[in-house]
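Work through the short exercises below with the coordinates open. Try each task before reading its solution.

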Amino acid sequence: MSRTAERSDTATPATGAGSPAPDRPGGAGLDRILARETTSSRAAASVIAAVLVIGLCGYALLETAVRAVGQPPWLIDPQTAAERITALPAGVPPLLLGAAGAVVFVAGLFFFLNAVLPGRRARHVLANPRAAVVVDDEVIASALARRARLAANVTQEQVMVVVSRREVQVNVRPTSGVPLQAADIQAAVEDELRDMAPSPLPVVRVNLASAGVIGA
């Protein structure tokens, strides 16, 4: 989730992913561009997994070679290690066994989630018939915060917008003694979203703080 409080009335320019190639068949090139710009890379997780596997295999090969030439093991003899693993949980303190199991579980969950989850970046695609336009959620949040500020007639410090893939949360702290209507702010933000036409179109939720701020 990407979040931002409005910092200025000028939004950062949108990031263009580039114009589609004229020879792409059926928009396939455009789809690849959008997928690349809105999906996070798995390179980091892949490198970590590869380093772990290579390190484990290298250590096992080293211990095997040391045993083959009749030298004492560096850490533990492969046969002894295999016997201890087979005998688990015998001979291992429950606390150590639980800690090791938790580490293995967290590591496995990390790699599993990286493999099956879509890995979305904090970006939205804007409708454009001539180009692939991808905008950071921070840029969208800045524009929506400005629109909400104008609709509520408050300062920029009183509005914070949180944009996720499916939802936009508009948090407004009203000025003390000045009543606000959440429906009016929501209508203004939804109108701004319709003009942007992000895909997918998030649902707008407005939260008015119960405690107001003292006006200048």
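The exercises follow one helix, its surroundings and its partner in a predicted model.

**Exercise 1.** Check the length of helix 5 against its end C-alpha atoms.

Solution. Start with the range: helix 5 covers residues 137-152, which is 16 residues. The expected span is 1.5 Å times one less than the number of residues. That gives 22 Å. The end C-alpha atoms of helix 5 are 22 Å apart, so the two values agree. Now step past the end: N153 follows helix 5 and has a positive phi, near 60 degrees.

**Exercise 2.** Find which residues of helix 5 are buried, then place the helix in the largest nonpolar core.

Solution. Apply the cut-off of under 20% relative accessible area. The buried residues of helix 5 are D137, V139, I140, A141, S142, A143, L144, A145, A148, R149 and A152. Next, take the core. It has 25 residues, and L144, V161, V168, V170 and I185 touch the most other members. Elements supplying at least two residues each include strand 4, strand 5, strand 6 and strand 8. Helix 5 gives the largest share, 8 residues. Finally, look at V170: among its contacts beyond four places in sequence are A148, V161, I185 and V206.

**Exercise 3.** Describe how helix 5 packs on helix 6.

Solution. Two quantities are needed: the angle between the axes and the distance between them. The axes of helix 5 and helix 6 come within 9 Å and cross at roughly 145 degrees. The crossing is right-handed. Helix 5 contributes I140, A143, L144, R147, A148, A151 and A152 to the contact. Helix 6 contributes I185, A188, V189, D191, E192, L193 and M196. Sort these residues by type: 11 are nonpolar, none polar and 3 charged.

Terms used:
Residues are numbered from 1 along each chain as its sequence is written. This is a predicted model: local features need pLDDT of at least 70, side-chain atom pairs count only at pLDDT 80 or more; totals for chains, interfaces and linings use all residues. Side-chain values use heavy atoms; hydrogens and water are left out. Helices (H or I, at least four residues) and strands (E, at least two) are DSSP runs, numbered from the N terminus. Buried means under 20% relative accessible area, exposed over 50%, partly exposed in between (1.4 Å probe, protein chains only). A nonpolar core is a set of buried Ala, Val, Leu, Ile, Met, Phe, Trp, Tyr and Cys residues joined through side-chain atoms within 4.5 Å. Contact means heavy atoms within 4.5 Å. Axes are lines fitted to C-alpha atoms, for helices over the stretch in contact, and angles run from 0 to 180 degrees between N-to-C directions. A crossing is left-handed if the near helix is turned anticlockwise from the far one by less than a right angle, and right-handed if clockwise. Ala, Val, Leu, Ile, Met, Phe, Trp, Tyr, Cys and Pro count as nonpolar, Asp, Glu, Lys and Arg as charged, and the others, Gly among them, as polar.
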